[in-house]
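Student: I am new to this structure. Please take one part and look at it closely, then show me how the rest fits around that part.

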Amino acid sequence: MYTIGVDVGGTYTDLVAIDERGHTIFAKSPSTPADQSIGVMAGLEELARRLGLSRADMLAAATRLVHGTTVATNALLERKGAKVALVTTEGHRDIIEMREGLKDNRYDLRSPPPEPLVPRERRLTVRERIKANGDVLIPLDEVSANEVIAAIRASGAQSVAICFLHAYRNPAHEIAMAERIARELPDVNVSRSSDVLPQILEFERFSTTVVNAYVAPPVRRYLTSLEARLREAGLKSSVFIILSHGGMAPIEEAARLAAGTVLSGPAGGISGCQRCAELLGIPDLVPFDMGGTSTDISLISDGRAALSAAGALAGQRIALRSLDITSIAAGGGSIADVDAGGTFHVGPESAGSVPGPACYGNGGTDVAVTDANVVLGYLDADAFMGGQRPLDRAASDAAMDRLAAKLGLSRDAAAAGVYRMINLKMADGIRLTTLRRGVDPRRFTLLSFGGAAGLHCVEVARELEIKRIVVPTAASVLSAWGMLTSDLRYEVSRTYLDSGKRIQSSEVRALFAELEAQAAGRLRSWFDGPMTIQRSAEMRYGEQIFEIDVPLDGLDMDDPALAARIEERFHCRHEDLYTYASPDQEVVFVNARVAAVGAVTRGNDDVKPAPATAPPQPKSKRKAFFGAWREVPVYAMDRLAPSHTLEGPAIVEAETTTVVLNDGDRARVNELGWLDIRLG
Amino acid sequence: MSATIDPITRSVVQHRLSSIVAEMGEAMLRTSYSQILNSSRDFSLAICDTKGRLIAQADHIPVHVGALPWAARAIEERFSNFKPGDVLLLNDPYHGGSHLPDLTAFVPVFDGERRMYWAIVRAHQSDIGGATHGGYNPTASEIYQEGLRVPPIFLYEAGKLRDDILDMLALNVRNSRDFRGDLAAMVGAARLGERRLLRLFDEFGGATVERAVDAILDAAEQQTRAVVSTWKDGVFHGEAFLDDDGSGGRENIRISAKVTKRGGEVEVDLSDSDPQSTRFVNSSHANMQAAVAMAFAYLIDPDIPKNDGCLRALKVIAKQGTIVWADPGRPVTLCTSHPSNEIVEAIVKALSASCPERAMAGWSRRFRIAIQGEDPRTGRNFIWHMFQARPGGGASSQGDGWSSIGEWHTVGGIKFGSLEVAEVRFPLHFRHHEFLADSGGDGKHRGGLGVALDLVMETQTVALANTAGEGTRHRATGMLGGSDGEPHRYRLISEGREPRVLRTKEVGIEIHPGDWFEIRSSGGGGWGDPAERSQAARARDAEQGLVSDNTTKAGA
């Protein structure tokens with residue numbers, strides 16, 4: 001019996017299997033971007049090999065397969081989604097292209113505007129209008145509806161987004177239009193805004209629905225074909241997809257709400273971090289996931305990751321609730337250079353994987369962060385990727401010498417400078433992310449994972465005045481591992497319209513009851529295990545524009561003074577977040593949210609390795625630069641055991657990750673076999 | 001001195017400084033009360049030194065950038081007895097400010113005994129007292145009618161709040177609770193800047209930071225001069241016009257820029273501009289300086305840090321008593337938009353002969369409407385400011401202009417917000433809100449489009465509207481053979497009456513139930529000869545309905 005987690009990343013597909021006794025096996029296999037399912041099947045083969053089983057036997061014995069996919073992410077980033085037509089209210093054709101009047105770079109007045117996902121000629125308008133209170137001002141006009149259907153057919157669009165004003169309040173016109181299109185154009189995918197995101201704010205709702213229409217066809221195609229391959233290969237159990245909010249759902253649901261899968265992979269990582277928080281008994285963590293081209297930053301506070309509806313990807317606004325993950329464009333591949341004014345920069349340009357850092361030997365001549373790590377002796381050129389992909393140390397040295405000459409510094413000083421600047425960027429990213437939530441990072445523990453994080457984690461922590469860092473054994477496959485700890489989750493939300501009135505208890509109660517029935521009904525159709533309901537409300541003060549999410553768990557929904565209780569919760573939450581509350585101000589209740597959560601049975605994942613019987617023995621020594629060249633011990637992570645203690649400077653190597661400790665830093669191996677580092 | 005600082009330390013300090021102002025901005029956005037701050041983001045953050053040199057700033061509102069050093073210098077000139085924990089304020093345009101709504105808070109930052117920097121937060125207040133709500137008063141003939149004047153004053157002394165001063169300020173504005181909330185947010189953001197600067201001194205020592213800052217400014221100067229040196233030398237002229245000053249007496253007020261470009265140096269001389277006005281279209285001195293700096297910042301490379309170093313290549317000459325630098329006591333509230341837009345346009349036009357690939361065509365001018373009335377659904381009064389129907393941006397050598405994006409001084413920084421929310425909260429019906437075809441100037445690259453808005457009033461009693469702005473006659477300029485954009489055209493349509501064309505500086509316009517506004521906002525200017533516009537681009541415009549008269553126009 002196994003549960004299997006599969007996370008498809010940009011470079012590698014990570015796989016984890018956990019058996020019923022809690023034994024955990026990892027595997028990595030190259031990703032196959034053209035058809036991700038090829039890499040997934042090859043990875044499963046490798047995983048089975050490591051278990052000493054045939055793939056068919058392993059799959060037959062699986063009780064659950066959980067998958068994180070980047071199909072939607074890539075379709076958006078590479079602009080390779082479906083050809084979409086937008087059907088919208090007459091007189092309001094340009095909402096997605098107006099972007100509420102905003103433009104990012106204030107001093108760049110020469111770059112032309114970005115192309116919207118749906119060009120204007122495929123933004124088709126229907127004569128209809130719903131008013132703010134839900135009344136019909138102009139009934140859906142048959143003639144114009146038919147003209148629009150003819151235009152969709154003529155355009156060759158494969159997917160349609162239906163977005164009418166105030167449809168969150170009254171979806172009748174959207175539903176009628178969707179039925180017509182389904183009837184007339186049965187092969188066309190249809191996404192409607194009142195289904196995807198029934199909330200006020202037309203730009204956010206329309207943009208999200210358009211993204212959904214854009215990515216749904218490729219996501220459905222991929223998941224359907226993957227499932228067929230898995231069945232063919234012997235899988236009997238359910239397949240679940242991780243969604244951006246960290247919960248999981250069956251394939252059909254993930255395809256319906258495909259815009260909700262854009263953070264599928266990183267969401268697995270956050271689930272993993274939440275599980276780490278639980279296992280470690282440390283409720284406040286800063287996950288630090290540093291990869292080759294980007295670094296993902298998030299926050300676990302009181303054991304939970306925050307959800308946010310403020311997301312965007314590739315310039316497209318996606319207002320579905322997702323884990324609050326900030327991605328910064330800096331990582332091991334970031335390039336260091338000197339600009340025309342003599343100013344030294346690291347990034348945002350990246351060497352990518354082709355040509356990659358100079359040390360990859362693929363013709364790259366720029367210094368990347370990885371080259372600095374090689375020059376400084378932190379990375380063992382011969383042991384990179386478990387020795388499968390040795391690095392060219394001489395190429396790193398030569399590239400660094402060229403940079404050093406421009407800076408008028410020695411090779412070592414230049415490399416130390418690159419190392420310092422990237423650490424600073426990471427720390428800045430974390431500081432801004434935590435500040436945005438009103439959180440001081442100093443009281444948090446840094447959780448280091450992802451291929452490159454271990455090389456930088458102690459210095460990034462020092463920069464942030466964080467005192468403690470944990471590196472789990474699953475650090476390099478944390479997303480795949482984390483997926484196996486996720487629950488099933490179905491979320492619904494709806495705008496509550498008070499139009500100036502105070503919140504009414506009876507109305508709120510009825511709204512939540514309706515949403516609960518919908519959420520519970522949907523979850524029941526996939527799952528017959530134990531279910532819980534989570535409620536929250538997005539609220540703000542009258543004059544504010546940022547709503548805050550107010551959890552309503554534990555509130556008695558039958559309380560006659562429900563509205564007053566909800567307002568109290570809001571004032572408290574506001575005070576928590578922003579240091580003040582204004583009890584005399586008008587409180588606006590914007591959206592009600594309900595999540596139905598189905599808890600899956602989890603295998604043991606906290607099996608404790610045997611404690612150490614002898615002091616740790618370095619596997620070797622090598623020279624590394626810590627202000628001066630020092631000969632430092634190198635330990636193999638898999639030969640360390642609980643209660644071992646290491647003093648920095650030292651280097652700890654695992655198959656796919658390296659951890660650097662500086663002077664005065666001290667790492668203890670905890671009872672899970674993970675590194676628990678205290679800064680000197 | 002700067003030769004002795006190593007490049008890594010310099011880059012680390014530079015990075016820190018920009019992350020400090022970014023954090024100050026984030027704090028401001030999250031904690032301020034008023035919509036103009038938390039939604040429209042009309043605030044700016046900066047660090048200046050005691051000589052008033054701009055060290056670092058956050059890219060929020062371009063027209064604030066060049067103005068803050070003047071404010072810091074005004075504080076330095078007035079006082080010298082600063083202590084840790086002090087907070088100073090000012091807004092007066094004749095004491096280093098730009099216009100009265102922009103209140104600015106300053107926190108001195110010390111390295112031990114030594115005073116080093118100012119952490120500065122400037123924020124546009126939703127009200128600053130005076131004769132009209134919100135500060136824009138087209139009828140004001142002296143600054144006293146525009147609002148509360150604040151010269152440099154201490155709000156905190158050595159950490160202690162002067163409540164008496166705060167009470168006096170709050171009493172003089174219309175929404176004192178919001179005012180206090182916004183002011184608390186400003187002080188909080190400036191103190192956050194102070195805290196982070198202190199850490200920087202701890203880590204490197206104040207002397208090293210100072211040397212690094214010198215090197216950072218020198219580098220920006222060097223980078224800027226390197227860019228400017230590639231432009232053609234010469235003396236160039238450009239001009240732009242205000243439609244009128246709202247007094248009924250003066251129209252076509254001219255802003256004239258004589259720009260001398262020599263080597264790595266640009267000198268802008270505005271002395272030949274028309275005399276000052278009796279109305280609020282005058283510019284204060286600091287605002288004029290800021291407008292010139294803004295034009296210059298648009299023309300150099302976007303990624304050069306906007307600090308004192310990058311402005312060293314720029315010299316500004318102007319004459320007091322002209323429209324760009326009014327005598328003390330004149331009203332100036334419109335100046336951050338007008339004549340700022342016209343100053344920018346005149347300079348960019350002049351330099352289009354020197355750096356044609358960099359000179360963008362004209363962005364639009366600002367035309368505001370504010371409506372006050374009663375919501376029949378609640379019986380409550382409402383005040384609504386129109387941010388919708390954003391006008392078009394100018395085209396450039398790199399491509400067509402942005403549509404529905406803003407004016408020279410906002411350039412995509414104002415969010416117009418949700419129509420659905422506006423319909424829920426106000427008795428308004430947005431019948432139509434789409435790009436306005438044919439509004440962008442023609443050219444090799446077409447100007448961005450304005451917006452056609454039909455806005456129906458759902459009031460049941462008479463409401464009142466005020467306007468403030470420009471651009472119903474003078475258009476966003478075409479550049480290098482490109483055509484001008486269409487001007488703003490706003491009309492009020494009432495059943496049984498002739499449509500009323502709205503002027504840009506009116507008060508007390510009566511709006512009857514069922515009336516509707518026909519708003520046609522202006523388009524951006526085109527860039528380059530229309531004959532060079534590709535057939536493919538024209539075909540795309542026609543296919544998308546952005547231009548009604550299509551390919552036949554090419555080369556005509």
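Tutor: Start inside chain B, where 12 residues of domain 1 are in contact with 13 residues of domain 2. Sorted by class, the domain 1 side of this contact has 5 nonpolar residues, 6 polar residues and 1 charged residue. Keep in mind that this is a predicted model.

Now place the two domains. In the domain assignment of chain B, domain 1 covers 2-221 and domain 2 covers 360-556. Their centres, taken over C-alpha atoms, are separated by 34 Å.

Look next at a sheet in chain B. Four strands form an open sheet in the order β13-β12-β16-β19, and the pairing is antiparallel. Where are its edges? They are at β13 (380-385) and β19 (509-511) of chain B. Each of these two strands has a single partner strand, so one side of each has no neighbour in the sheet. From one strand to the next, the twist averages 25°.

Go into the middle of that order. Strand β12 of chain B takes in residues 367-375, and strand β16 of chain B takes in residues 463-469. The two run antiparallel and are joined by 6 bridges. For one position to find by eye, take R368(B), which stands opposite A468(B) in β16(B).

Step back to the whole of chain B. The chain has 12 helices and 20 strands. Its radius of gyration is 24 Å, close to the 24 Å that the globule rule gives for 556 residues, so chain B is as compact as a globular protein of that length. Along the principal axes, the C-alpha atoms of chain B fill a box of roughly 75 × 60 × 40 Å. Of the 556 residues in chain B, 62% count as buried. Now consider the contacts in chain B with a separation of 6 or more: 74% of them come from residues 24 or more positions apart.

Chain B also touches chain A. That contact takes 61 residues from chain B and 50 residues from chain A. Which elements of chain B give two or more residues to this side? They are α1 (7-31), α2 (35-38), α7 (206-229), α8 (285-299), α11 (419-425) and β14 (428-435). Of these, α1(B) gives the most, with 12 residues. By class, the chain B side has 22 nonpolar, 26 polar and 13 charged residues.

Cross over to chain A. Here the division is into domain 1 (80-208), domain 2 (334-422) and domain 3 (488-598). The C-alpha centres of domain 2 and domain 3 of chain A are 51 Å apart.

Take a strand at the start of chain A's numbering for these domains. Strand β5 of chain A holds residues 84-89 and is mostly covered, with 6 of its 6 residues buried. Two pairings of β5(A) are worth tracing. With strand β9 (residues 159-163) of chain A, β5(A) runs parallel and shares 5 bridges. There, T88(A) stands opposite C163(A). With strand β6 (residues 123-126) of chain A, β5(A) also runs parallel, joined by 4 bridges. In that pairing, T89(A) has V126(A) as its bridge partner.

Move on to another strand, β27 of chain A, at residues 488-495. This strand is mostly covered too: 6 of its 8 residues are buried. Strand β30 (residues 587-598) of chain A runs antiparallel to β27(A), and 8 bridges join them. One pair to find is T495(A), which stands opposite N591(A) in β30(A).

Finish on a single residue. P618(A) lies in the loop between β30 and β31 (620-625) of chain A. Is P618(A) buried or exposed? Neither label fits: with 16 other C-beta atoms within 10 Å, P618(A) is partly exposed. What does P618(A) contact, leaving aside neighbours within four places in sequence? Its contacts are P633(A), V634(A) and Y635(A). Y541(A) is another matter: it is 77 residues from P618(A) along the chain, and their C-alpha atoms are separated by 59 Å.

How values were computed. Residues numbered from 1 in each chain as written. Chains lettered and ligands numbered in written order. Predicted model: local features only at pLDDT ≥ 70, side-chain atom pairs only at ≥ 80, totals over all residues. Buried ≥ 20, exposed ≤ 12 C-beta atoms within 10 Å, placed from the backbone. Pairing = 2+ DSSP bridges. Domains from an automatic or database assignment. Contact = placed C-beta atoms within 7 Å. Nonpolar A, V, L, I, M, F, W, Y, C, P; charged D, E, K, R; others polar. Axes fitted to C-alpha atoms, helices over the stretch in contact; angles between N-to-C directions. Rg over C-alpha atoms; globule rule 2.2 N^0.38 Å.
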